[in-house]
Amino acid sequence: MPIQQQPKERKLKGVMDIVLCIDSTESMTPCIDQLKENLKSFIDSFDVSAGSQQIIPNWRARVIYFRDLNVDDEALKEFPFVNTVEDLKQQINSIEAKGGGDQPESILDALYIAITKSDWREKALHAVIAFTDAPPHNELHPSILEPGQDNSIATIINAYVNDKYSKLWVYCPSHEKYKELQLIPRATIDYIDHSGDVYEGLINLDFDKLLKELGKTLVVSASEILKI
């Protein structure tokens, strides 16, 4: 009889904390359900009981969804870190596309809160991933800052630069303020633009492919943190 090979033991390698910053304004309605479903599959890939990959990370994640701090009553909501698929899916399920007022939204405020208000673990990948179909406000909202604190985008840039474990991914339309975020050494800013006269937001973005590739990148990045 042929000798049956025992399945290889899956090894834990790398630690990562993930913050998902999601635009939940009304303009996201055409794609919000698709994004939510693919985010759930994205998180499933990190579950120790799922999949067949041999190297898996120790992960936690949380959601911050945002609208417009200038006009919306529930303009920004942040959830705590959780480390189970079901708990994170509950956070994702709570996202509802509504409000937003004028075109600029409060993504910069969400990015700032993500990096400065998260109880990050030491020696872990600090990953912030953001999706928006709108331009940002030019300045941070005073409600999230200390009195007298600089409200320019430089405050965000410095916060990410000073966190050596941080990596930032932003999926957004082209805008000068987003281009400034490229000053962050470990930032990836992907512009979701369209040819033609009508901007269609993120509706044509292949979330499934994007998040599968991003998941692989996060696992590699988490293992690299161990070398710092």
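This is a short tour of one protein chain, stop by stop, for use in your viewer.

**Start: the whole chain**

Keep everything selected for now. The model is predicted. Its chain has 228 residues, of which 50% count as buried. Switch to a cartoon view. You should find 6 helices and 6 strands. In what order do the elements run from the N terminus on? Trace the chain and read them off: β-α-β-β-α-α-β-α-β-α-β-α.

**Stop 1: helix α3**

Select residues 107-116, which form α3. Is this helix mostly covered or mostly open? It is mostly covered, with 9 of its 10 residues buried. Click through the buried ones: Ile 107, Leu 108, Asp 109, Ala 110, Leu 111, Tyr 112, Ile 113, Ala 114 and Ile 115.

Pause on Asp 109, which sits in this helix. Its relative accessible area is 2%. The cut-off for buried is under 20%, so Asp 109 counts as buried. Now add Phe 66 to the selection. Asp 109 and Phe 66 are 43 residues apart in sequence. In space, their C-alpha atoms are 8.5 Å apart.

**Stop 2: from α3 to a loop**

Stay with α3 and pick Leu 108, another of its buried residues. Then select Asn 138. Where is Asn 138 found? It is in the loop between β4 and α4. Along the chain, Asn 138 and Leu 108 are 30 residues apart. Their C-alpha atoms are separated by 8.4 Å. Asn 138 is partly exposed, with a relative accessible area of 49%. Exposed would need over 50%.

**Stop 3: α3 beside α4**

Keep α3 and add residues 153-162, which are helix α4. Two packed helices are described by the angle between their axes and the distance between the axes. Here the angle is about 30°, and the axes lie 10 Å apart. Angles under 35 degrees count as roughly parallel, and α3 and α4 are therefore roughly parallel to each other. Rotate the pair until one helix lies in front of the other. α3 passes α4 in a left-handed crossing.

**Stop 4: Lys 123**

Move to the loop between α3 and β4 (125-131), and select Lys 123. Show its backbone. Most residues other than glycine have a negative phi. What is phi for Lys 123? It is near 55°, a positive value in a residue other than glycine. Lys 123 is partly exposed, and its relative accessible area is 29%.

**Stop 5: α1 with α2**

Clear the view. Select α1 (29-44) and helix α2, residues 85-93. Their axes come within 10 Å and cross at roughly 165°. That makes α1 roughly antiparallel to α2, because angles over 145 degrees fall in that class. This crossing is right-handed.

**Last stop: the largest pocket**

Leave α1 on screen and add α6 (207-225); each supplies at least two residues of the lining of the largest pocket. Turn on the surface. The pocket holds about 210 Å³ of space. Which residues are closest to its centre? Among the 12 that line it, they are Ser 45, Leu 211, Lys 212, Gly 215 and Lys 216. α6 gives the most to the lining, with 6 residues. Colour the lining by class to finish. You will see 4 nonpolar, 5 polar and 3 charged residues.

Definitions and conventions
Residues numbered from 1 in each chain as written. Predicted model: local features only at pLDDT ≥ 70, side-chain atom pairs only at ≥ 80, totals over all residues. Heavy atoms only, no water. 1 Å grid on protein atoms, 1.4 Å probe; cavity = no way out; pocket = protein on both sides within 12 Å on 5 of 7 lines; lining within 4 Å. Points joined across faces, edges and corners; volume = space filled by probe spheres on them. Helix = DSSP H or I, 4+ residues; strand = E, 2+ residues; numbered from the N terminus. Nonpolar A, V, L, I, M, F, W, Y, C, P; charged D, E, K, R; others polar. Buried < 20%, exposed > 50% of the residue type's maximum accessible area, 1.4 Å probe, protein only. Axes fitted to C-alpha atoms, helices over the stretch in contact; angles between N-to-C directions. Parallel < 35°, antiparallel > 145°, perpendicular 65-115°, else oblique. Left-handed = near helix turned anticlockwise from the far one by under 90°.
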